[in-house]
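Q: Could we go through this structure together? I will begin with a backbone detail and then change topic as we proceed.

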Amino acid sequence: MADVNDRGQLLLVGALTLAVMLVALAVLLNAAIYTGNIATRDAGAGTSAAIEYEAGATSMARSTVAVLSEQESGNYSMLRDNFTYTIDVWSQTTRVHTVASLADTSLETTSTTSGSYIAQDEDRQFTNESNASNWTVANDSHVRAFRMNVTRDSLAAYPDAPVDNDTFRAEFDNGTDTWRVYLHQGDVDNVSVTVVDPSNTETTCTVDAGADGRVVIDITAATLGGQDCPAMTFFDQLSGTYNVSYTDALNDTDTEQVNGTYSLVVDRRLDQLDTGADTSGGEPSAIRALYSAELELTYRSADIYYQTELVIAPGAADD
Amino acid sequence: VTDRGQAHALEAITAGMLLLASVLFALQVTAVTPLTGSTSSQHIENQQAALGEGLLSAEAENGTVVPTLLYWNESGRFHDAPAAGYHGGGPPTAFGNVLDETLRQRNIAFDVNVHYVRNGNRERQAMVDLGTPSDHASTAVRSFTLYDDDRIRYENGTAGPTLANASYFAPDAAPDSRVYNVVEVEVVVWRM
C-alpha cells in the first residue's frame with residue numbers, strides 16, 4: 001500500500017510541473033508576439049517632418065533671393081533687411097504649425113552676400129548701353145543664374161567654324177585661363193553653342209530652336225534649350241573670380257550677331273562693379289541684388305534634434 | 001488528524017492555483033497579433049497614414065495643392081462649396097480628383113482641413129468634410145507657403161486678383177513682406 005501512495009503523489013507533482021511549464025511557455029510566446037506588435041506600431045522617429053521643414057525653408061528662401069534680386073533696391077542694407085524680415089516672418093508663422101505637432105523650429109539668417117543683377121529684359125542686340133560691340137559685363141566676380149534667351153535668326157550662320165569667323169561669344173577670364181562660349185546657328189533649324197577651353201579645344205552642343213525660333217541657354221546650369229550641354233560645365237575648373245565679357249556682339253559691318261534677352265547675378269557690389277550695363281535704368285541694366293544667403297535651420301522634437309546650414313544661391317554653377 | 005488537515009489545505013491551494021493557471025493559459029493562447037483582421041488594425045492605420053502622406057507629398061511636388069488652396073470664392077467659401085467645405089468628395093480641381101481617385105473610390109473617407117495663422121494663433125478652415133473621423137483615423141500634414149503675389153482662382157480656374165488684394169480666409173501675416181501666410185494642409189483618412 002505504501003508504494004502505491006508514493007506513486008500517486010509523484011504523478012500529481014509531475015502533472016503539475018508540466019502544466020506550469022505549458023503556462024509559462026504560453027506567456028513567453030505571447031510576450032514575444034506582443035513585443036512585435038508594439039514595435040511595429042510606430043513607424044520610426046519620423047525624420048520626414050524635419051526634412052519637409054528643410055525643403056519648405058529652402059524653396060521659400062530660394063524664391064525670396066531670386067525675387068528680391070530682380071527688384072530695384074535703394075541700398076544694400078534695405079535689401080538685406082527685407083530678406084531677413086521675410087525669413088523671420090516665415091519662421092515665426094511656420095512655427096505656429098510645428099509647435100502644434102510638438103516640434104520647435106527656427107530659421108535664421110546668418111549672413112548674406114551682396115551682389116548685382118545685370119539684365120536685358122527687352123529683345124535687343126547684346127551691346128552695352130552705348131552700343132559698343134566688345135564690353136565687360138562684370139569684373140572679378142562669381143556668377144549665378146546666367147541665362148540667355150536668343151532668337152535663332154539673329155545668330156551668325158557658321159555651323160562649322162564659329163571661332164575662325166569671330167561670332168558672338170561670352171568670355172570668362174580669371175587672369176590665367178579663358179573659357180569662351182560661342183553662340184551660332186547650327187544646321188537647318190538648330191542653334192549651337194561651341195565652348196573653347198584654355199587649350200583651344202572646341203566642344204559643341206546643338207539643339208532644335210523649336211517653333212518660336214528661340215532658344216534658352218542656361219550657362220551656369222549647363223543646359224541648352226533644356227537639354228544638358230556638358231561642354232558648359234567648366235565653372236568648377238575656373239578658380240577664383242573671373243571677368244565676364246561679351247565680344248563681337250556686332251560683326252565687322254556692324255550687323256548684330258545675336259539678339260534677345262539675358263540676365264545674370266554676380267557677387268560684386270554695384271558700387272565696385274565695372275560694367276557696361278546702365279546703373280540708372282537703361283538697357284542693359286545693373287541693379288543691387290543678393291548673390292547668396294546663409295541660413296541656420298533648427299528642428300527639435302522629442303525624438304529628433306536637427307540643425308543645418310543652408311546656402312541659398314539659386315542658379316549657381318554648383319547648385 | 002492534524003497532519004491530514006494540512007494536506008487538505010495544501011491540496012485546496014494547489015487546486016486553486018491550477019484553476020487560475022488554466023484561466024491564464026486560456027487568455028494568453030488567444031493572442032491579438034498585428035495581423036489579426038479588424039477595421040481598427042494598427043497595420044491598416046499605418047498604411048492609411050502612409051497613403052495620406054504619399055498623396056500629399058506627390059501632389060505638393062506636382063504643384064496641385066496650392067492652386068486648390070487658392071480656389072476660393074471671395075464671398076467666403078471655396079467655389080461651389082458650402083461654408084463648411086465640400087461634402088460630396090474632393091474639390092473640382094486636380095488635387096481634388098487625386099483625392100477622389102486614391103481614397104474615396106477605395107471606400108476610404110477623408111477630411112481636408114487647412115490650418116492658417118491669424119495673429120499668432122492657429123485657425124482652421126475646412127476644405128472637405130465627409131463626416132466625423134472614426135477613432136481609428138490617420139492624419140497626414142504638410143505646410144505650404146502662400147505669397148502676396150499668388151493669385152486666387154476663378155471658378156473656371158483662371159487667375160484672379162493677387163492675395164494681397166483679395167478677400168481670403170487667411171490674413172496677410174506681414175503686409176510688408178512677400179510671405180502672405182503659411183498654411184498647413186491636413187488630410188484625415190479612415191475606413192468607411
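Q: What phi does Leu102(A) take just after H3(A)?
A: Leu102(A), which comes just after H3(A), takes a positive phi of about 60°. Helices (H or I, at least four residues) and strands (E, at least two) are DSSP runs numbered from the N terminus. This is a predicted model, in which local features need pLDDT of at least 70, side-chain atom pairs count only at pLDDT 80 or more, and totals for chains, interfaces and linings use all residues. Residues are numbered from 1 along each chain as written, chains are lettered from A and ligands numbered from 1 in the order written, and side-chain values use heavy atoms, without hydrogens and water.

Q: Where does H3(A) bend?
A: The bend is at Thr94(A) and is about 25°, taken as the angle between axes fitted to the seven residues ending there and the seven starting there.

Q: New topic: is Gln120(A) buried or exposed?
A: Gln120(A) is buried, because its relative accessible area is 1% (buried is under 20%, exposed over 50%, partly exposed in between, with a 1.4 Å probe and protein chains only). Gln120(A) sits in strand E1 (residues 103-125) of chain A.

Q: Which backbone oxygen lies 3.0 Å from a polar atom of its side chain?
A: That of Arg124(A). The backbone oxygen of Gln125(A) lies 3.4 Å from a polar atom of the Gln120(A) side chain.

Q: And in chain B, where is Phe25(B)?
A: Phe25(B) is in helix H1 of chain B. Phe25(B) counts as partly exposed because its relative accessibility is 31%.

How values were computed. Polar contact = N/O pair within 3.5 Å; in protein donor to acceptor, adjacent residues only side chain to side chain.
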